[in-house]
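Got your viewer open? Here is a short tour, stop by stop, with something to select at each one.

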Amino acid sequence: MSEARITSERAILMAYLKKNEPLVTEVPILIKPTFPNPAGEDILGTYREMKRRKALTADMEVIEAFAKSSKSLPSFAEAGPRKDLAFPVPTKRHEMLRVGIVTTGGLAPGLNSVIHSIVERHMTTYHELLGQGGEVWGFLDSFKGLVAAESRHIELNPDMTERWLQEGGSELGSIRYHEMELPNLAQTVANNLERWGVKILYVIGGDGSLTAAHEIAKYAKKTIIAGIPKTMDNDILWVWQSFGFNSAVERTAAFINTMHYEAEGTRRVAVLEFFGAQSGFVAANAALASGHVDLVIIPEVFEHMNKRQSEDALASYKEYLIETIRRKQHNPHAVIVIAEGVGQILAKHKIITQDEAKTFASDFSTSLGLNNMAGEEVKTFVIQPRHYIRSIPANSHDQIYCKRLGTLAVDNALAGYTDFMISQWLTEYVLVPLQMVAGGQKRVPTGGIFWKQVVASTGQPPVAMRY
């Protein structure tokens with residue numbers, strides 16, 4: 001596994017200082033913007049000049065390290081409306097601007113909200129630019145709809161997508177497509193987009209999908225590729241917080257609270273498994289928000305342990321649960337929250353098999369063998385409400401966030417930028433080259449203040465290795 005996949009953005013910057021390889025922060029321009037923007041500042045807000053940039057870090061230690069080096073502090077281009085656009089106002093039918101949207105990978109709250117914001121920005125705000133025949137295509141079933149011999153799409157309009165705002169899931173469909181090797185998929189998609197006359201493609205997806213979008217951009221000579229980061233796991237690099245994460249944590253915390261009362265009232269142990277194949281952000285944040293969790297187990301805890309250390313950690317967890325149950329003499333119960341990726345990391349350490357990794361939550365529950373002070377068995381129950389969480393509609397916070405991401409993606413795609421992701425990084429909206437996203441994932445730093453606060457909240461043993 002690469003260093004970029006297991007470290008933070010801060011670690012990437014510090015590593016860059018020690019290496020000679022360039023850190024690419026510039027976003028390519030596929031089509032030079034030479035046409036005045038027909039939507040003025042009175043509609044769009046202040047135009048952003050191309051030279052306006054935002055630093056990649058507010059960490060003074062990192063800033064001082066760069067100041068002492070021969071390298072300048074890296075920065076991202078600020079996102080926003082532009083004075084000049086890459087596309088003229090169409091005067092003939094064949095000149096009309098056709099753009100496409102695709103949702104890829106797993107579901108997350110807010111997908112339909114991003115779709116609507118893109119459609120509305122194109123068809124309403126830039127109505128004069130697009131003309132009466134401007135088209136927004138929604139490609140069906142992720143990349144599967146983009147590699148087909150004949151385009152699999154529906155034509156979108158604001159009236160249609162507005163009705164999707166309060167719906168969970170994705171009306172376009174969002175699946176994981178693994179039928180082609182990445183270079184072949186990218187070449188096929190790029191060729192199809194050119195053949196169908198699609199000038200801009202918006203890819204709403206997670207780290208894997210954005211990696212694919214970066215590959216497509218290498219082959220797309222006449223189509224702009226714009227990414228919108230999507231994952232409720234919050235594990236995409238150079239994104240302060242991904243859309244859907246806030247909604248997922250809110251619903252997960254509420255679910256945990258309900259199961260706490262179930263466990264307490266029935267004198268049982270609740271084992272709850274949530275999404276988090278690589279990163280435990282949802283599980284950890286929801287546990288902290290709830291305040292009713294006795295143990296949180298996330299993949300990052302075991303990432304830098306060997307087999308013996310992992311076995312010792314699991315043993316300490318079980319011993320702690322025994323003590324927790326015995327301490328609660330009048331209502332013996334507990335709530336355990338597990339991120340789904342824990343099983344896979346334990347299989348990597350050869351503690352369990354790959355098949356057992358799929359049933360880790362249930363197996364862990366069965367292995368506890370808990371008894372109360374009277375020596376009576378305390379039963380457990382296991383619930384995996386993962387799909388229930390990811391398919392909910394976005395809450396108000398994420399609705400607003402999705403609106404901003406989609407709108408800014410359109411503003412900058414129309415200005416000719418390509419191979420970029422629109423992101424809120426720190427407090428600003430910026431353009432991040434997809435190259436910086438490809439192949440990386442954020443993790444919960446188990447040596448950091450946040451995880452220590454989670455551990456303090458639950459009272460569980462602080463077994464994690466620091467990184």
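**Stop one: H11 against H19**

Select Ala284, Asn285 and Leu288 in H11, and you'll find them meeting Phe450, Trp451, Gln453, Val454 and Ser457 in H19; contact here means heavy atoms within 4.5 Å. This is a predicted model, where local features need pLDDT of at least 70 and side-chain atom pairs count only at pLDDT 80 or more, while totals for chains, interfaces and linings use all residues. Residues are numbered from 1 along each chain as its sequence is written, and side-chain values use heavy atoms, leaving out hydrogens and water.

By class, the contact of H11 with H19 divides into five nonpolar, three polar and no charged residues. Nonpolar covers Ala, Val, Leu, Ile, Met, Phe, Trp, Tyr, Cys and Pro; charged covers Asp, Glu, Lys and Arg; the others, Gly among them, are polar.

Now show both helices in full: H11 spans residues 281-290 and H19 residues 449-458, and their axes come within 9 Å and cross at roughly 50 degrees. Helices (H or I, at least four residues) and strands (E, at least two) are DSSP runs numbered from the N terminus. Axes are lines fitted to C-alpha atoms, for helices over the stretch in contact, with angles from 0 to 180 degrees between N-to-C directions. That crossing makes H11 oblique to H19 (under 35 degrees is roughly parallel, over 145 roughly antiparallel, 65 to 115 roughly perpendicular, and the rest oblique). H11 passes H19 in a left-handed crossing, meaning that the near helix is turned anticlockwise from the far one by less than a right angle; clockwise would be right-handed.

**Stop two: H5 against H18**

Next, pick H5 (residues 111-125) and H18 (residues 396-414), whose axes come within 8 Å and cross at roughly 45 degrees. H5 and H18 are therefore oblique to each other. Which hand does the crossing of H5 and H18 have? H5 passes H18 in a right-handed crossing.

Add side chains: the H5 residues in contact with H18 include Ser113, Ile118 and Glu120, and the H18 partners include Gln399, Lys403 and Val410. The contact of H5 with H18 has five nonpolar, six polar and four charged residues.

Zoom in on Lys403 and Glu120, which form a salt bridge with their closest N and O atoms 1.9 Å apart (a side-chain nitrogen of Lys or Arg within 4 Å of a carboxyl oxygen of Asp or Glu). Lys403 in H18 and Glu120 in H5 are 283 residues apart, so to speak from distant parts of the chain. The structure holds 19 salt bridges.

**Stop three: the nine-stranded sheet**

From H18, look to what it lies across: E8, E9, E14 (420-425) and E15 (428-433), with H18 running at about 140 degrees to E14. These belong to an open sheet of nine strands, ordered E2-E3-E15-E14-E9-E8-E5-E6-E7, with mixed pairing; two strands pair if DSSP finds at least two bridges between them. E2 (53-55) and E7 (153-156) are the edge strands, each pairing on one side only.

Select E5 (residues 98-103) and E6 (residues 135-139) for a parallel pair over four bridges. Arg98 stands opposite Glu135 in E6.

**Stop four: the four-stranded sheet**

Finish with the open sheet of four strands, E11-E12-E10-E13, where pairing is parallel. Its edges are E11 (295-297) and E13 (380-383). Four bridges join E10 (residues 269-274) to E13, and Leu272 stands opposite Ile383 in E13.
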